Amino acid sequence: MALGHEQVGVNKFKQFDCVVDYSDHYYYHQSKPNQNSNSHGTMMINNRNTMKRIMKEWEILEKNLPASIFVRVYEGRIDLLRAAIIGASKTPYHNGLFFFDLQFPSDYPNNPPKLYYRSFGLRLNPNLYNSGYVCLSLLNTWGGKGTERWCPDKSTILQVLLSLQGLVLNEKPYYNEPGIKPAWSWESYNADVFALSCKTMLYLMKKPARNFEGFIAAHFRDHASVILKACVAYRNGRVRVGLFDGDAPVGSKKKKVNVSKKFTDSMNELYPELYKAFNRIGASVKNLPEKLEDDGDGKPANGIIGKLKRFWEAMTA
């Protein structure tokens with residue numbers, strides 16, 4: 001169900017809350033009734049220590065979540081958790097939203113939780129597969145030593161979420177991939193990542209995660225203008241992808257950053273889709289163009305007419 005105009009401010013959305021509806025949670029659909037669950041898939045935690053530890057995790061999250069991470073746990077399934085992470089500034093993930101579904105094992109914390117990234121089939125990070133698989137040392141899904149790996153006595157869900165935000169969704173994810181790199185340079189990879197982040201935004205507005213509908217709409221209403229301006233700035237090579245801060249003049253005369261045709265084409269395609277989606281949820285975008293037709297300073301980007309116009313402007317300057 002796509003988002004509408006419901007006006008729920010992000011500041012009114014609790015960072016941590018316990019809710020009822022887990023019907024779209026990945027691990028709810030993966031669960032099969034067994035000795036640890038009833039016929040409705042409700043987890044029957046028999047180990048008192050496991051239950052106490054999960055309750056402790058809830059307390060830690062409620063008291064210590066940073067402003068950019070939001071969590072929902074469930075009354076009927078204490079083994080499930082959902083987290084939303086806001087992409088940090090100065091990264092190609094800035095202003096994006098990234099959702100993760102988590103399940104505590106029945107012997108938690110002896111084993112780490114299972115984690116699934118809601119990817120919509122897109123791979124925008126070497127550690128986050130398009131299948132939803134998450135590659136992270138702290139989850140024992142990647143190599144590591146000592147405290148890099150899951151430690152039952154010390155590791156927490158808060159650590160997992162902070163690692164995802166700081167170590168995975170970082171400013172140069174290109175270097176997360178050992179050996180063969182996913183692109184010819186980190187700049188090229190960041191451009192690909194930003195485009196995939198924009199696609200993820202569109203998917204989230206079309207099919208928002210349950211219990212986060214109002215939050216998703218409010219977040220993109222608040223950041224629509226900056227996201228669209230970043231699309232223009234990056235597409236026109238005014239600033240390296242990930243470094244747009246919302247205040248940099250798009251039409252500045254600074255030396256341009258090289259931009260590939262692939263990225264230019266992707267922004268030309270994604271920008272109008274984002275504009276329409278933001279407009280539908282009530283974002284203030286009327287002062288911005290509905291599609292990209294020039295290079296950000298009022299000059300046609302290409303074509304014979306554009307070349308002639310630039311030549312005439314140069315001759316008459």
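**Buried and exposed charges, strands and a bent helix**

User: In this predicted model, how does aspartate 265 count at 35% relative accessibility: buried, exposed or partly exposed?
Analyst: A residue is called buried under 20% relative accessible area and exposed over 50%, with partly exposed in between. Aspartate 265 has a relative accessibility of 35%, which lies between those two limits, so the residue counts as partly exposed.

User: Which residue meets the side chain of aspartate 265 in a salt bridge?
Analyst: The partner lies with aspartate 265 in helix H6, which covers residues 261-280, and the two are four residues apart, about one turn of the helix. The partner counts as exposed, at 63% relative accessibility. The side chains meet at 2.7 Å, N to O, and the residue that pairs with aspartate 265 is lysine 261.

User: Are glutamate 57 and arginine 53, whose side chains also meet in a salt bridge, buried or exposed?
Analyst: Their salt bridge spans 3.3 Å, N to O, and both residues lie in helix H2 (residues 48-64), four residues apart, about one turn of the helix. As for accessibility, glutamate 57 and arginine 53 are both buried.

User: How many residues apart are arginine 82 and aspartate 24?
Analyst: Side chains of opposite charge can pair when their charged atoms come close. Arginine 82 and aspartate 24 meet in a salt bridge of 3.0 Å, N to O. This pair links distant parts of the chain, since arginine 82 is in strand E3 and aspartate 24 is in the loop between strand E1 (16-19) and helix H1 (26-30), and their separation is 58 residues.

User: What is the relative accessible area of arginine 82?
Analyst: Arginine 82 belongs to a network of salt bridges that links Asp24, Arg82, Asp101 and Arg118. Within that network, aspartate 24 counts as buried at 15% relative accessibility. Arginine 82 is buried too, and its relative accessible area is 0%.

User: How many of the residues of strand E3 are buried?
Analyst: Strand E3 takes in residues 80-86 and is mostly covered. On one side Leu80, Arg82, Ala84 and Ile86 are buried, and on the other side Leu81, Ala83 and Ile85 are buried, so that both faces are covered. Counted over the strand, the buried residues number seven of seven.

User: Which residue in strand E4 stands opposite alanine 83?
Analyst: Strand E3 pairs in the antiparallel sense with strand E2 (residues 69-74) over five bridges, and alanine 83 is there the bridge partner of valine 71. E3 also pairs in the antiparallel sense with E4 (residues 97-103), over seven bridges. In E4, the residue opposite alanine 83 is phenylalanine 100.

User: Which residue makes a polar contact of 3.0 Å with the side chain of aspartate 79?
Analyst: Aspartate 79 lies in the loop between E2 and E3, two strands that a hairpin joins through five residues, and aspartate 79 is buried, with a relative accessible area of 0%. A polar contact of 2.8 Å joins its side chain to that of arginine 77. The contact of 3.0 Å is made with the side chain of glutamine 103.

User: By about how many degrees does helix H5 bend at histidine 223?
Analyst: H5 runs over residues 213-235, and 17 of its 23 residues are buried, so the helix is largely enclosed by the rest of the structure. Just after H5, glycine 237 takes a positive phi of about 70°. Within the helix, the bend at histidine 223 is about 55°.

Notes. Residues are numbered from 1 along each chain as its sequence is written. This is a predicted model: local features need pLDDT of at least 70, side-chain atom pairs count only at pLDDT 80 or more; totals for chains, interfaces and linings use all residues. Side-chain values use heavy atoms; hydrogens and water are left out. The bend at a residue is the angle between axes fitted to the seven residues ending there and the seven starting there. Buried means under 20% relative accessible area, exposed over 50%, partly exposed in between (1.4 Å probe, protein chains only). Two strands pair if DSSP finds at least two bridges between them. A salt bridge is a side-chain nitrogen of Lys or Arg within 4 Å of a carboxyl oxygen of Asp or Glu. A polar contact is a pair of N or O atoms within 3.5 Å; within protein, one must be able to donate a hydrogen and the other to accept it, and residues adjacent in sequence count only if both atoms are side-chain atoms.
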